[in-house]
Amino acid sequence: MTRAETYFYEPAKGHGLPHDPFKAIVAPRPIGWIGSRDAEGRGNLAPYSFFNAMCDTPPVVAFSSAGRKDSLRNIQATGEFVANFANQRLAAAMNASSAPFAHGEDELAITGLTPAPGRAVSVPHVAEAAAALECRLLQVLELKDLDGRSTDHFVVFGQVVGVHIDPAFLNDGLFDTGAAGPIMRAGYLSDYAAVGREQIVKLKRPKSAEEGRDFVRRESASD
Ligand SMILES: Cc1cc2nc3c(=O)[nH]c(=O)nc-3n(C[C@H](O)[C@H](O)[C@H](O)COP(=O)(O)O)c2cc1C
């Protein structure tokens, strides 16, 4: 297969396009809807799409904060946070909770959501969420660039110490991601991807090099 020469740019020299395509390329991204509490116990809730699972044994998630935002400062103060599952039903509340409310104002209450008490951590989670991961802070990594300069971005790693699942989304013991309907960041400023059951595809993973070659042979035979 041949294709036209790629559009190539070096980010440090500018992308030369109307908008930076970086976040449209690394997309869609799950949204960690991060709940935390400050040292005085005041709640906070905000979405972070530089968010993902980093490993599963033990389960670890991470999100990145552009500057020292309230979530980061709270988590550094208390060592705890919750990553709520943001879905299409909660998209408007998730989006509203990203507004720059003053420190100490609880977005969970402002958006009319219900706080559910924490079990393994003291931070409440969103009762309406299909799932929530209770986390303890592992480390905060200040991101530096190739010249060793701080980027003013901070990656927060948390080990998952408690998991809540709405039983409505447990089918035969499996969490039904498609039915839970995650809303994910995609493309440019107001673009999101909505994942439903139709978007879930199954792909068997090759267990050996031979099986990998077999998959290629079968694929080219079906062309
Ligand atoms: C869908 C979505 C994803 C976001 N992802 C991030 C992110 O990854 N990092 C970040 O610093 N801000 C992100 N923001 C912006 C924060 O949510 C916003 O700055 C918020 O006010 C931070 O709240 P806090 O200061 O209470 O932590 C995102 C906003 C939205 C709507």
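Me: Let's start with the ligand. How many residues surround the ligand, and which are the closest?

Reply: Keep in mind that this model is predicted. A residue counts as near the ligand if one of its heavy atoms lies within 4 Å of it. Here 19 residues surround the ligand, and the closest are Asn-44, Tyr-48, Ala-66, Lys-69 and Ser-71.

Me: Which polar side-chain atom lies 2.5 Å from an oxygen atom of the ligand?

Reply: For polar contacts, look for N or O atoms within 3.5 Å of each other. That side-chain atom belongs to Ser-71. The backbone joins in too: an N or O atom of Pro-47 sits 2.8 Å from a ligand oxygen, and one of Phe-50 sits 2.9 Å from a ligand oxygen. On its own the ligand has 650 Å² of accessible area, and the protein covers 84% of that.

Me: Phe-50 again: which residues form a nonpolar surface patch with Phe-50?

Reply: Phe-22, Ile-25 and Val-26 do, and the four have about 390 Å² of accessible area together. Phe-22 belongs to helix α1, residues 22-25.

Me: Why does Phe-22 count as partly exposed?

Reply: Because its relative accessibility is 46%, and partly exposed means the range between 20% and 50%.

Me: Now strand β5: is it mostly covered or open?

Reply: Covered: six of six residues in β5 (80-85) are buried. Glu-80, Val-82 and Asn-84 point one way, while Phe-81, Ala-83 and Phe-85 point the other way.

Me: Which strands does β5 pair with?

Reply: Strand β1 (residues 32-37) runs antiparallel to β5 with four bridges, including Gly-35 with Val-82. Strand β8 (residues 131-144) is also antiparallel to β5, with five bridges; there Asn-84 partners Ala-132.

Definitions and conventions: Residues are numbered from 1 along each chain as its sequence is written. This is a predicted model: local features need pLDDT of at least 70, side-chain atom pairs count only at pLDDT 80 or more; totals for chains, interfaces and linings use all residues. Side-chain values use heavy atoms; hydrogens and water are left out. Patches are made of residues with over 30% relative accessible area and no salt bridge: like charges are joined within 9 Å, nonpolar side chains (Val, Leu, Ile, Met, Phe, Trp, Tyr) within 5 Å. Accessible areas come from the Shrake-Rupley method with a 1.4 Å probe; for residues, only the protein chains shown count as cover. A salt bridge is a side-chain nitrogen of Lys or Arg within 4 Å of a carboxyl oxygen of Asp or Glu. Helices (H or I, at least four residues) and strands (E, at least two) are DSSP runs, numbered from the N terminus. Buried means under 20% relative accessible area, exposed over 50%, partly exposed in between (1.4 Å probe, protein chains only). Two strands pair if DSSP finds at least two bridges between them. A polar contact is a pair of N or O atoms within 3.5 Å; within protein, one must be able to donate a hydrogen and the other to accept it, and residues adjacent in sequence count only if both atoms are side-chain atoms.
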